[in-house]
Each structure stands twice: as C-alpha cells, then as structure tokens.
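Trainee: Could we go through this chain together, beginning with a pair of strands and ending with the overall form?

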Amino acid sequence: MTLANPAIAIDGLYKRYGELTAVDGISLRVEAGDFFGFLGPNGAGKTTTIGAIVGLLRKTAGSIQIFGYDIDRQWRVARRLVGLAPQEFNFDRYLSIRDVLLFQAGYFGLRPRVVCRRVDELLERFDLTAKAHVEYTKISGGQKRRLMLARALIHEPKLLILDEPTAGVDVELRLELWEMLRVLNAQGITIFLTTHYLEEAEALCRNIAIVRGGKIVAQQSTQGLLDGHRETTLAVRLDRPIRELPATPVLRGARFEVGDTLVQVDGLTASQVASALAALEAAGFIVEAVDFKRATLQDVFLELTRS
Ligand code: ATP
C-alpha cells in the first residue's frame, strides 16, 4: 500500500437487480486521507455502492480498488484495510458490548493479547467502558452508534466507511460523533461517509460526490461545489415604494414588486454589492436595511437532485 494510491478507485461500477439499475456506471476517486461525502436522495444507490466497495454484494460490472488492491483479485488485503459502520444496527442481540468487539476481532485473526488491549482502548475511547458487560439491547441508541464506530475500528483500518453514522441521534451526540470522526481523520484514516444531514456533510467533508438515480451528478470539493452554485442574494429594504430602478448593469436582474420597498438581486460579488447600493442611493433612495442569503449545501443538493 502506498499513499500515492487513492483510498478508493471505482471504475465503471454497475449493479442491476433484475430490471432495476441501482448503480449506473459510477466512477470515483477518493484520495488517501480525505474526508469524503457520498450524498444522494433515498434510493440513489449509495448503500449499494458501499456494499460493492466492501464486497458485501456482487457487482454487475466494474472494478474497485482499495489503496491499489483490487477487491476481487486481492480481496483479503483490500478488505482488511476497510472498516464499515453500516446503516442498520446488526449486532447479535445476546452479546455484551465487549463481546461484540471481541467477535469482530475474530474475523481478522488478531492475537488475543492484542485484541484485549485494543477492545479496552476502544471501549474507553467511545465511552463504553461502564457498559462493557451489558447486553447490546440494553444500551441507548447513541451508545449503539458509538459501538458501531468502535467495531468498525477493531482491526485498525485505513479507510472507514460510514453509512449514515448519525442517523437518529440527538444534537449533542451528533456533535460529539463529528468530533470523533474529525480526530480519526486527523490521525490519517480516510473517511467515506453517506448522510442525509447536509449540514453534517458541509461541516465535515472536504470533497463530495452527489449521486442520483445511480449516476454521479456532481463531484467536487465541498467549497468548490458551494462556490460554483453559490447564489448570494442581496436583499435591500428601501425607504419608499419602488416605481422603477436605476438602469445600472448590476441591477439588471433585480427583482421587486412595483409599489413595494424590497429589492433583491442574485449572484453579486462584493464590489457589485457596493455598486448596487451606490446606484440606489444615487437614484434618491435611502437604504434602510441590507441582508444577504448565502446558499448552503442543502440548496446545492436540491438543485442537483430535483427533477
Ligand atoms: P437510502 O438513502 O434510502 O439508504 P440509497 O441511496 O442507499 O438509499 P440503495 O439502498 O443503494 O439506495 O438502493 C438503490 C436502489 O436499489 C433502490 O431503488 C432500491 O430499492 C434498490 N435495491 C437495493 N437493494 C436491493 C435488493 N437487494 N434487491 C432489489 N433492489 C434493491
């Protein structure tokens, strides 16, 4: 494994279920060390793509490499490099928290002494030590989410795949989980995350792919995605009803109702905002209030995924 290889390289991935094409020719690169968001509406093909990456389902076509290792031909090494926290809780209901982690370690053939140390570390790190001997059914939803993360990390993977890691948790725990994920990423673990909480993706992810109907419709840095679609709307409240606006180029696309005092203009740069305000004042208006609305990832997402 070298850091020159992308953490995930997907080429021409297809997955068909009978007539339905769930993944329709996805190609994707996730660089080592990235914090990558894989977003899309329900049924877009995110979980199916994840299933293909971790080898849980049979691809119809395409190739996938993890840090340069092909998941079909070199599956043993490839799989060892990946930790998965799936969308649904899938623990054995009769196991204690500690045993959940011990069992998982069993899949990777780790030495018992190493395993015990690692399990204790993870219990501590995810604040589960006090619950170590409690059955999985007797812990809270938030504790289950933390256990999912701990289990995904048992074999010290280099790539962590998280399918909606904060679904159904309260605001405080969500922020706590975000911090845990940031720390893991800062320690060098590549993170590939799906989420329906777009503020979560905006807060955490450096790069984002948006998928719709099994196809990627955008792939860019989070900042680039926001900048490219970012329509800063300037809203100006004037001192008197508007009959007409000055014929200045910056006000060409302005929106207002005749007789109202509000004028709105989309997509202006900072210097254009200054020119627009100056033009309004030169035309005899007094500017009483100015407001800006900047698009969020949610606006970009809706624009790209709405039919
Ligand atoms: P969500 O955000 O709701 O989790 P998703 O983007 O993860 O959605 P997938 O679960 O990958 O979407 O599903 C993609 C499409 O494939 C959907 O139309 C789904 O109904 C279909 N699908 C998923 N698994 C199967 C299956 N085992 N058999 C048949 N169709 C399936």
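**Strands, sheet and overall form**

Mentor: In this predicted model, strand β1 (residues 8-17) and strand β2 (residues 20-30) run antiparallel and are joined by 8 bridges.

Trainee: Which residue in the turn of the hairpin formed by β1 and β2 has a positive phi?

Mentor: Within the paired strands, Y14 has D24 in β2 as its bridge partner. The hairpin leaves 2 residues between β1 and β2, and the turn residue with a positive phi, of about 60°, is G18.

Trainee: Which strands stand at the edges of the open sheet of 4 strands?

Mentor: The pairing in this open sheet is antiparallel, and its strands follow the order β12-β13-β11-β14. Each edge strand has a single partner, so one of its sides is left without a neighbour in the sheet, and the strands in that position are β12 (255-256) and β14 (287-293).

Trainee: How many bridges does β11 make with β14, and how many with β13?

Mentor: On the β14 side, T233 has K293 as its bridge partner, while L234 stands opposite F292. On the β13 side, R237 stands opposite L262. Strand β11 (residues 233-238) therefore pairs in the antiparallel sense with two strands, as strands of a sheet do through backbone hydrogen bonds. The count for β11 with β14 is 6 bridges, and for β11 with strand β13 (residues 262-266) it is 5 bridges.

Trainee: Why is β11 largely enclosed by the rest of the structure?

Mentor: A residue counts as buried when its relative accessible area is under 20%, and 47% of the 307 residues of the chain meet that description. Strand β11 is largely enclosed because, of its 6 residues, the number buried is 5.

Trainee: What radius of gyration does the chain have, set against a compact globule of 307 residues?

Mentor: Along its principal axes, the C-alpha trace spans about 80 × 45 × 35 Å. A compact globule of 307 residues would have a radius of gyration near 19 Å, whereas the chain has 25 Å.

Trainee: What share of the contacts with a separation of 6 or more comes from residues 24 or more positions apart?

Mentor: The chain contains 10 helices and 14 strands. Among its contacts with a separation of 6 or more, the share from residues 24 or more positions apart is 69%.

Trainee: How far apart are the mean positions of the positive and negative charges?

Mentor: The accessible surface of the chain comes to about 15500 Å², with 49% of it belonging to carbon and sulfur atoms. For the 38 positive and 37 negative charges, the mean positions are apart by 8 Å.

Definitions and conventions
Residues numbered from 1 in each chain as written. Predicted model: local features only at pLDDT ≥ 70, side-chain atom pairs only at ≥ 80, totals over all residues. Heavy atoms only, no water. Rg over C-alpha atoms; globule rule 2.2 N^0.38 Å. Buried < 20%, exposed > 50% of the residue type's maximum accessible area, 1.4 Å probe, protein only. Contact = heavy atoms within 4.5 Å. Areas by Shrake-Rupley, 256 points an atom, 1.4 Å probe, with all protein chains shown as cover. Lys, Arg positive; Asp, Glu negative; His and termini not counted. Charge placed at Lys NZ, Arg CZ, Asp CG, Glu CD. Pairing = 2+ DSSP bridges.
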